[in-house]
Amino acid sequence: MADLSGNDAATDEIQTPAKSAEWLELIADSERYFQPYQDACDNIDKTYSELNQLRNAVGDDEFHLFWSNIQVMGPAVYARPPQPVVTPKFKDRRPLYRVASELLERVLIVTFDQADINDVMLQNRDDLIINGRGVSWVRMEGDELCVEHLDRRDFTHDPARKWCDVAWVARRGWLTYSEMEERFSDDVAKSVSYSVRDRDNRFGPQDNTRKCGVWEVWHKREDKVVWVTEGVEDVLDEDKPH
């Protein structure tokens with residue numbers, strides 16, 4: 001967790017790990033810090049997903065009001081995809097600036113359409129209204145922009161008072177054996193453990209696919225990205241921020 005005591009040496013020692021276990025301990029500390037929030041969100045999700053209770057006309061009036069409020073607030077928070085608008089900062093009417101702005105605007109419109117940003121924003125909107133936070137993860141795959149909605153338990157970060165003080169952020173991806181083999185190597189795919197995610201069975205569609213949870217950690221102070229997973233001593237991969 002973040003050290004607010006002013007002891008820079010201690011903070012550096014904690015936040016610059018070298019082995020997989022040390023990275024995983026950072027993540028575990030963060031998860032313990034945010035556990036009260038996760039527990040509260042679990043209770044809200046469980047209540048909100050009780051469709052039988054919603055269908056019951058003589059059910060809990062407080063629950064009906066909560067569900068109705070969420071449906072009313074949704075369009076007020078987010079109703080339609082954002083429309084990119086690019087204009088020159090300085091209005092000196094140079095043809096080059098006008099053409100460049102129009103080109104960038106059209107590129108952004110096409111990129112938003114290809115990335116299906118509306119679907120991601122709708123999921124973020126619902127998370128924000130129900131649980132107080134929605135998380136997107138933006139990445140590049142070759143020349144393609146990918147915008148992905150993250151489950152709240154698959155994202156964590158260094159606890160801090162301000163976002164600019166956060167030293168690292170991490171997201172967890174769930175990979176099958178073939179995906180692990182393609183992303184890392186055959187030896188890595190054989191050395192990790194796979195399991196069925198319990199959370200999917202409790203709060204979402206049944207998914208019996210066995211997968212491995214891999215954390216992707218972006219460390220601002222160290223200026224690097226690492227991939228780690230439980231049960232593997234060495235980091236799976238390490239790279240400069242891309």
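Which residues does Thr-176 touch, not counting those up to four places away in sequence? In this predicted model, the contacts of Thr-176 are Tyr-194, Thr-209, Arg-210 and Lys-211. Thr-176 itself is placed in the loop that runs between strand E4 and helix H8 (177-183). Its relative accessibility is 16%, and because buried means under 20%, Thr-176 counts as buried.

The strand that precedes this loop, E4 (residues 168-175), is joined to strand E5 by eight bridges, and the two strands run antiparallel. Within this pairing, Arg-171 is found opposite Glu-216 of E5. Strand E5 spans residues 212-219, and seven of its eight residues are buried, so the strand is largely enclosed by the rest of the structure. E5 is also paired with strand E6 (residues 224-228), again in antiparallel fashion, through five bridges. In this second pairing, Trp-215 has Val-228 of E6 as its bridge partner. E5 and E6 form a hairpin with four residues between the strands, where Asp-223 adopts a positive phi near 55°.

Strand E6 is mostly covered, with five of its five residues buried. Lys-224, Val-226 and Val-228 point one way from the strand, whereas Val-225 and Trp-227 point the other way; all are buried. E6 is in turn joined to strand E7 by three bridges, and these strands run antiparallel as well. Here Val-225 stands opposite Asp-239 of E7.

The strands E5 and E6 also contribute to the nonpolar interior. The largest nonpolar core holds 13 residues, of which Met-180, Phe-184, Val-192, Val-214 and Leu-236 touch the most other members. At least two residues of this core come from each of helix H9 (186-191), E5 and E6. With neighbours within four places in sequence set aside, Val-192 is in contact with Met-180, Cys-212, Thr-229 and Val-232. Another core lies apart from this one and consists of eleven residues, including Trp-23, Leu-24, Ala-167 and Ala-170.

Trp-23 and Leu-24 also appear among the buried residues of helix H2, which are Ser-20, Trp-23, Leu-24, Leu-26, Ile-27, Ala-28, Asp-29 and Ser-30. Helix H2 covers residues 20-33, 14 residues in total, and reaches 20 Å from its first C-alpha to its last. This span is close to the 20 Å expected at 1.5 Å a residue. An α-helix has 3.6 residues a turn, so residues three or four places apart point the same way.

Charged side chains provide a further set of links, and the structure holds 18 salt bridges. One of these joins the side chains of Arg-183 and Asp-237, with an N to O distance of 3.1 Å. This pair links distant parts of the chain, since Arg-183 belongs to helix H8 and Asp-237 to strand E7 (residues 237-239), 54 residues apart. Arg-183 counts as partly exposed at 34% relative accessibility, and Asp-237 likewise counts as partly exposed, at 26%.

Two further salt bridges involve residues of E6 or of the loop that leads to this strand from E5. The side chains of Lys-224 and Glu-222 meet in a salt bridge at 3.7 Å, N to O. Lys-224 is buried, with a relative accessible area of 14%, while Glu-222 counts as partly exposed at 31% relative accessibility. Asp-223, the residue with the positive phi in the hairpin, forms a salt bridge with Lys-240 in which the closest N and O atoms are 2.8 Å apart. Because Asp-223 lies in the loop between E5 and E6 and Lys-240 in the segment after E7, this pair ties together parts that are 17 residues apart in sequence. Both partners are partly exposed, Asp-223 at 38% relative accessibility and Lys-240 with a relative accessible area of 48%. Elsewhere, Asp-42, Asp-45, Arg-152 and Arg-153 are joined into one network by salt bridges that share partners.

Definitions and conventions: Residues numbered from 1 in each chain as written. Predicted model: local features only at pLDDT ≥ 70, side-chain atom pairs only at ≥ 80, totals over all residues. Heavy atoms only, no water. Buried < 20%, exposed > 50% of the residue type's maximum accessible area, 1.4 Å probe, protein only. Pairing = 2+ DSSP bridges. Expected span 1.5 Å × (residues − 1). Core = buried A, V, L, I, M, F, W, Y, C linked by side-chain atoms within 4.5 Å. Contact = heavy atoms within 4.5 Å. Salt bridge = Lys/Arg side-chain N within 4 Å of Asp/Glu carboxyl O.
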